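Visitor: Could you take me through one part of this model up close? I'd like to see how the pieces sit against each other.

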Amino acid sequence: MADTSKPASRKAAIVGGNRIPFARSNTAYAQASNQDMLTATLDGLVARFGLQGAQVGEVVAGAVLKHARDFNLTREAVLGSTLAAATPAYDIQQACGTGLEAAILVANKIALGQIESGIAGGVDTTSDAPLAVGDDLRRVLISLNNAKTMGDRLKALARIRPGQLVPDMPRNAEPRTGLAMGDHAAITAKEWEIGREEQDELAVRSHHNMAAAYERGFFDDLVTPFLGLTRDNNLRPDSSVEKLATLKPVFGKGEGATMTAANSTPLTDGASAVLLASDEWAAEHGLPVLAHLVDAQTAAVDYVHGGEGLLMAPVYAVPAMLARNGLTLQDFDFYEIHEAFASTVLSTMKAWEDPAFCKEKLGLDAPLGSIDRSKLNVNGSSLAAGHPFAATGGRIVASLAKMLHEAGPGKRGLISVCAAGGQGVVAILES
Amino acid sequence: MADWYTNFANSGVGTTLTKQLGLPRPGVLRRYEPGGPLLPGPAVVGSAGQGRLRDTVTAVLRDAGVTVLSPVVADGDAAGEKLGAVVLDATGVSGPADLAAAHDFLAPAVKRLRSNGRVVILTDPPNDADSPAQAAARQAVDGLTRSLGKELRDGSTANAIYVPQGAESGVAGPLAFFLSGRSAYVDGQGVTLSAADVPGTQDAELPLAGKVAVVTGAARGIGASIADVMARDGAHVVAVDIPAAGDSLAAVANRIGGTALQLDITAPDAATRLVEHLRERHGGVDVIVHNAGITRDKLLVNMDAARWNSVMAVNLQAQLDITTALLDSDVLNAGARVVCVSSQSGIAGNRGQTNYAASKAGVIGMVRAWAPTFAERGATINAVAPGFIVTEMTAKMPFGTREVGARLNSLQQGGLPVDVAETIAWLSQPTSAGVNGQTVRVCGQSLLGA
């Protein structure tokens, strides 16, 4: 029988990362474009690892909210950076999963031996967001552009109506349901009976954990200041459950509404980048290997008709990945579950603990079980840092790799990121 | 870049005006450029007494392609070729009477010194003298050099090198420094050598090639200039500054092909983290420049503990802690160089700067005390004490204070960050092995604390 086994592949190493501090929408980075932020982030990474003029195998990044002119955003950022101009780059987009997906793509090419090093990143701005003209006006303008004679041009112009001049604002809403992501999350929170207080507690812990991490210098080699900002300006070190209890719910309706501005992530601007390489490349360049990207998985759920929550896809992705690696949910030293909303993290964990859900939806004999909460988001997550959609994955990968490295060899970390469109991206890192 | 007044005084109308009004006439200083000549003209070498260094001096000059002329006599041809440098070997003086020869040699030679010329006088340290008369003659060189520094004009300088018996092999490096444009703003100073294992040669263009150099406070000002010069001289620079200055730090690192390390040097684990970083990323370190410094000025009676403590922590304690950690570690490479930034304030004192001056004086004591330990390892530790250096900080001073402050020195102008950087880069060179425990002032022979 022919040998059908895969060729031996190697695991990609995570060398380190860089991000700019995240800024709440329309604050410190109100005048910065995606390209500005991504370029500055790449330059910070170059400075940290001495990559001036160096050609890495590939730079992969993306943005969720993107101007039409930014069709080659990542390549343009590379050209504006101190990396070698001969460094290839491409854009990807998988909503909030963009940053982690970029890291997976780079890691896979390294694992296959197609590249020796690469940079994965992501950037988003909700301050410098693209505005589009409505479809009616767009059609008029296209005909105007195609008109050959003055008469045709005037005819086209005559079709313009005042109502067409209102631009299409980008909205944080699902095209197929018209519901905001927060409204979707509120439906899931209600279904899983997630209480207000436990959401507020999770949010407060995120702020406290991240503030403590800054204080002990954890972010010294993960963050580079930008436009006068030295720390994430969403971070509230003095946050408390009492203070959060005073806020009115913003998502969900009526008495049962639990989701506030504090236990939901705000609109945020920012960028992140992660340097990945083969072990050999890292050694040749005198650079450390913090951790390896062991495996990754994506999943999607039918949130439109299938009765599943919009942000519940990671719940499905994780068991598939665990099974492939012969691991249980408890075999991890750190868990990084992206805090899109506190209720999302709590619903995710509750689903994994639920025997009926695990049997019926995940097809498991026994529930995945619970997570040791002291290992969850130990240096804070998106509720504290903010969540520039495509930049979150890079923030998590670099931070988790550093945590694993500090904890010593053989430590394992789980990343879980939910994304719009009912998708989820998850990965395992190991030191 | 010279300052506005220096530019004005060297312009057509400025030259006339400043001469007629008797205003200061600062020269445009000759600064080092890679590949440029050591001197802008020929040199003469003379002796007072039976010196032992004349051949060494002549060899240094000839190796650098300098034409060495015969000494001119007092009534010689004053209209002859202008001189780039005048070097006097006074290691042979046994008493004041021998100094007459110094005068006989120097007077006609200095008369022919061109602008941006150099006078260097070598003698033995007075403390090593066999007799009071010999000590007097050697000490006299100090007064002679300092006075000559004040008499020279148009960017010329006078400096002394004290060479004990057994330290002769260390002369070449310091002599080349004082002759070159690297020492543009070092004037009226003396450096005392000590016996050491000094390499005979180094790469002239890239003296720091292959070296790993840490520069603290590298994000801006003098620190950024130090990083620039160290990189120009061939070193891989690990640029260190506080995390909040990380964006300008990254820009410096990217400009010079170095690496950025965001680190608060006063953090309890700062020294450990630095040592760990150097081991992991570079396997070791050759040069440490303790440049990071802060000011928190107030009159002593109005100064709170926070101002005192923060200045001490950054300017002195961090230098002590990091140097101790490096000595205790395995990352300090053989022949390592530590250069600490002190200040003129640490020598002369400054109103409103009791904390700053205390910290900077402390640095001078620290390098002196540590020198023997470093010598045992074939390493050195020295300090530089900048005077009035034109930076963003001095730009914020009131106009009058700034302009007067900049003129109170023999070169009649403020120095530039690059002048401090050049001196530090020189102390970091392999052939500077004989310079240890010294504090070199980069002050244009300031009147303060002289």
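Guide: Sure. A quick word on angles before we zoom in: axes are lines fitted to C-alpha atoms, for helices over the stretch in contact, and angles run from 0 to 180 degrees between N-to-C directions. Keep in mind that this is a predicted model.

With that in hand, look at chain A, where helix α4 (residues 135–146) and helix α5 (residues 150–158) have axes that come within 8 Å and cross at roughly 175°. Angles over 145 count as roughly antiparallel, so α4(A) and α5(A) are roughly antiparallel to each other. On the α4(A) side, the contact is made by A:Val140, A:Ser143 and A:Leu144, and α5(A) answers with A:Arg153, A:Ala156 and A:Leu157. Sorted by class, that contact has four nonpolar, one polar and one charged residues.

Now hop over to chain B for its sheet. Seven strands make an open sheet there, with parallel pairing, in the order β9-β8-β7-β10-β11-β12-β13. At the edges stand β9 (259–262) and β13 (439–442) of chain B, each with a single partner strand, so one side of each has no neighbour in the sheet. On average, neighbouring strands of this sheet are turned by 20° against each other, direction ignored.

Further in, β7 (residues 212–216) and β10 (residues 285–290) of chain B run parallel and are joined by three bridges; B:Val215 stands opposite B:Val289 in β10(B). Lying across β10 and β11 (332–341) of chain B is helix α10 (residues 305–328) of chain B, which runs at about 175° to β11(B).

Methods
Residues numbered from 1 in each chain as written. Chains lettered and ligands numbered in written order. Predicted model: local features only at pLDDT ≥ 70, side-chain atom pairs only at ≥ 80, totals over all residues. Pairing = 2+ DSSP bridges. Helix = DSSP H or I, 4+ residues; strand = E, 2+ residues; numbered from the N terminus. Contact = placed C-beta atoms within 7 Å. Parallel < 35°, antiparallel > 145°, perpendicular 65-115°, else oblique. Nonpolar A, V, L, I, M, F, W, Y, C, P; charged D, E, K, R; others polar.
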